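Biologist: I would like a close look at a single part of this structure, taken slowly and with the surroundings kept in view. Please choose one helix, say what it packs against, and then place it in its chain.

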2 protein chains.
Amino acid sequence: MSSPFTVNGTVKTFGGSLLKLSHESTALGCKMALNVFLPATSASKIPVLFHLAGLTCTGDNGAEKGFFNHWAAKYGIAMVYPDTSPRGSNHPGEHDSWDFGSAAGFYIDATAEPWSSNYKMETYVTEELPTLLYQAYPALDSSRVSLTGHSMGGHGALSLFLKHPDLYKSASAFAPIANPINCPWGQKAFSGYLKSKEEWVKHDSTELLKSYKGDPLDIFITVGTADQFLLDGQLLVDNFVAAAKEVGREGEVVVKKCEGYDHSYYYVSSFSQDHVEHAAKHLGVL
Amino acid sequence: MSSPFTVNGTVKTFGGSLLKLSHESTALGCKMALNVFLPATSASKIPVLFHLAGLTCTGDNGAEKGFFNHWAAKYGIAMVYPDTSPRGSNHPGEHDSWDFGSAAGFYIDATAEPWSSNYKMETYVTEELPTLLYQAYPALDSSRVSLTGHSMGGHGALSLFLKHPDLYKSASAFAPIANPINCPWGQKAFSGYLKSKEEWVKHDSTELLKSYKGDPLDIFITVGTADQFLLDGQLLVDNFVAAAKEVGREGEVVVKKCEGYDHSYYYVSSFSQDHVEHAAKHLGVL
């Protein structure tokens, strides 16, 4: 079977291979690029950790600056770094602002025109991309998959995990947009991508946690106390923690406040060990 | 005493502080930017490791993508990431090619016009910058300083160490341009920056090693076997090793061939632990 992926480069790093891939996405109606780190391992099946990136990012930021690959290599985990939105659709206004449209897909399926035609990042990240990856790379263990993400990607990791608990072993987040319906970034994105305001709560991690009826959770979050976006009320991590309390799940959400850290990859790289090890524990390799 | 440095940002990373600095350089006749990583340490004096970057780079590449800060934090070492050339002199042709002029200073003092007016990267890296840093940050231990560098910066680390053994405890290099007088990059740079060909050998690490009369060395080099620039004859690491043999110093140069690695920061970050630990040993912290 021919692979749906074009391998634009294979770069050895931390003993494993960083694959620079691209493919035509049906869900998004465009060519998408991503990075996949395959660790050097004797295991026949390799657990998978998706890293969802933040606003303005691509699949390169985490792969180059997050130091996830170092820790993933240590535990024999494959890393998947998808892009953050469809590319080149050229909808009116798609490229006008850094927090909406290109590189700001928010990991949801849009319902409002014109975005509903191809801004289907939830379908892409949870269905199309993993299905293609597990077919093309059968060593990847589709039964052991976890999510992590940064900022908008933290919203993605938490919300996609709470919507699809059957697909993932665990979720963690770096400085997540934890309650988008109550912050400017989320309100701008949801009002643009979603047809009716009734749909907002279906994509809001804090609301999803309140209505979550599944097994006990073990969600891990880090956030810098000097993170300007936390101070500006864009992240609202405390609202997520309050929701956990409200539904008697306070013990199921662990937030590590990182004293003095900001929102940058200098912060992400400093704590990628914690997040990879949180996933490793749930993926059965730690 | 007021600091000569403007602190444009202080970013917490790996428990320490990454300082985004700029200052007016007398030697280079322009404003220069650099990054300095200060580890969290109880030590009263902090040893220093300079990382010299390669062609097209600034002081940001190593700081963001090298993973040096992680290991420097572990051993209580300060990292200094200088820029790779003067900026904005606008000499004719300065910005025309990626391997000469801007971001290609080659860590030498130019003698040919117009470059001789301010392309003084050897003076900047070995004299002006360290003097200013040790005044502004007295915790830095000017008596315990080592060099490392990548590609053109590997040439810088090796050649500046062999020229100024009194200034440094050790040198290591990632994929260095080890014999510039015999490769296209070095020949282009030296013929442009230096007035006469007689001067070339004074800046060539392989020639400097042949004439080196100092104490036994312990030079550590890593290079990827899939490094296209090695295969293209730009690095000539084997010439450096042959020179060591020629002068009976074969035991004093250790080259680690990194199977399948290329020239990128995916390679650098994979081996920064080895280089920081080589320095740590000579700086007395390992």
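Modeller: A residue counts as buried when its relative accessible area is under 20%, and by that cut-off B:Phe68 is buried, because its relative accessible area is 0%. The model is a predicted one, and the part I have chosen is the helix that holds this residue, namely helix α2 of chain B, which spans residues 68-75.

Helix α2(B) as a whole is mostly covered, with 6 of its 8 residues buried. Those buried residues are B:Phe68, B:Asn69, B:His70, B:Trp71, B:Ala72 and B:Tyr75. Just after the helix, B:Gly76 adopts a positive phi of about 70°.

What does B:Phe68 touch, once residues up to four places away in sequence are set aside? Its contacts are B:His51, B:Gly62, B:Met79, B:Tyr81, B:Thr148, B:Phe174, B:Val268, B:Ser272 and B:Val276. As for a residue elsewhere along the chain, B:Asp204 is 136 residues from B:Phe68 in sequence, and the C-alpha atoms of the two are separated by 26 Å.

Three of the residues just listed, B:Val268, B:Ser272 and B:Val276, also take part in the packing of α2(B) on another helix, to which I now turn. The partner is helix α9 of chain B, residues 265-282, whose axis comes within 8 Å of that of α2(B) and crosses it at roughly 30°. Angles under 35 degrees count as roughly parallel, and α2(B) and α9(B) are therefore roughly parallel to each other. Their crossing is right-handed. On the side of α2(B) the contact is formed by B:Phe68, B:Trp71, B:Ala72, B:Lys74 and B:Tyr75, while α9(B) supplies B:Val268, B:Ser272, B:Gln273, B:Val276, B:Glu277 and B:Ala280. Divided by class, the residues of this contact are 7 nonpolar, 2 polar and 2 charged.

The corresponding pair in chain A can be described in the same order. Helix α2 (residues 68-75) of chain A packs on helix α9 (residues 265-282) of chain A at an angle of about 30°, and the axes lie 8 Å apart. That angle makes α2(A) roughly parallel to α9(A), and α2(A) passes α9(A) in a right-handed crossing. From α2(A), the residues A:Phe68, A:Trp71, A:Ala72, A:Lys74 and A:Tyr75 meet A:Val268, A:Ser272, A:Gln273, A:Val276, A:Glu277 and A:Ala280 of α9(A). The contact of α2(A) with α9(A) has 7 nonpolar, 2 polar and 2 charged residues.

To set the helix pair of chain A in its wider frame, chain A contains 9 helices and 9 strands. Its C-alpha atoms fill a box of roughly 45 × 45 × 35 Å along the principal axes. The radius of gyration of chain A is 18 Å, which agrees with the value near 19 Å that a compact globule of 286 residues would have. Of those 286 residues, 61% count as buried. Among contacts in chain A between residues at least 6 apart in sequence, 71% join residues at least 24 apart.

Some details of the backbone outside the helix pair also deserve a careful reading. Most residues other than glycine have a negative phi, and most peptide bonds are trans. Against that background, A:Phe14 has a positive phi near 50°; A:Phe14 sits in the loop between β1 (6-13) and β2 (16-25) of chain A and is buried, with a relative accessible area of 15%. In chain B, the phi of B:Ser151 is likewise positive, near 60°, and B:Ser151 belongs to the loop between β6 (140-149) and α4 (152-163) of that chain, where the residue is buried at a relative accessible area of 4%.

As for peptide bonds, the one from A:Glu113 to A:Pro114 is cis, with omega near -5°, and A:Pro114 is placed in the loop between β5 and α3 of chain A. A cis peptide bond also joins B:Glu113 and B:Pro114, with omega about -5°, and B:Pro114 is found in the loop between β5 (78-81) and α3 (121-136) of chain B. The loop between β5 (78-81) and α3 (121-136) of chain A also holds A:Ser102, which is buried, with a relative accessible area of 15%. Leaving out residues up to four places away in sequence, A:Ser102 touches A:Ser85, A:Arg87, A:Glu94, A:His95 and A:Tyr119.

Key. Residues numbered from 1 in each chain as written. Chains lettered and ligands numbered in written order. Predicted model: local features only at pLDDT ≥ 70, side-chain atom pairs only at ≥ 80, totals over all residues. Heavy atoms only, no water. Axes fitted to C-alpha atoms, helices over the stretch in contact; angles between N-to-C directions. Helix = DSSP H or I, 4+ residues; strand = E, 2+ residues; numbered from the N terminus. Parallel < 35°, antiparallel > 145°, perpendicular 65-115°, else oblique. Left-handed = near helix turned anticlockwise from the far one by under 90°. Contact = heavy atoms within 4.5 Å. Nonpolar A, V, L, I, M, F, W, Y, C, P; charged D, E, K, R; others polar. Buried < 20%, exposed > 50% of the residue type's maximum accessible area, 1.4 Å probe, protein only. Rg over C-alpha atoms; globule rule 2.2 N^0.38 Å.
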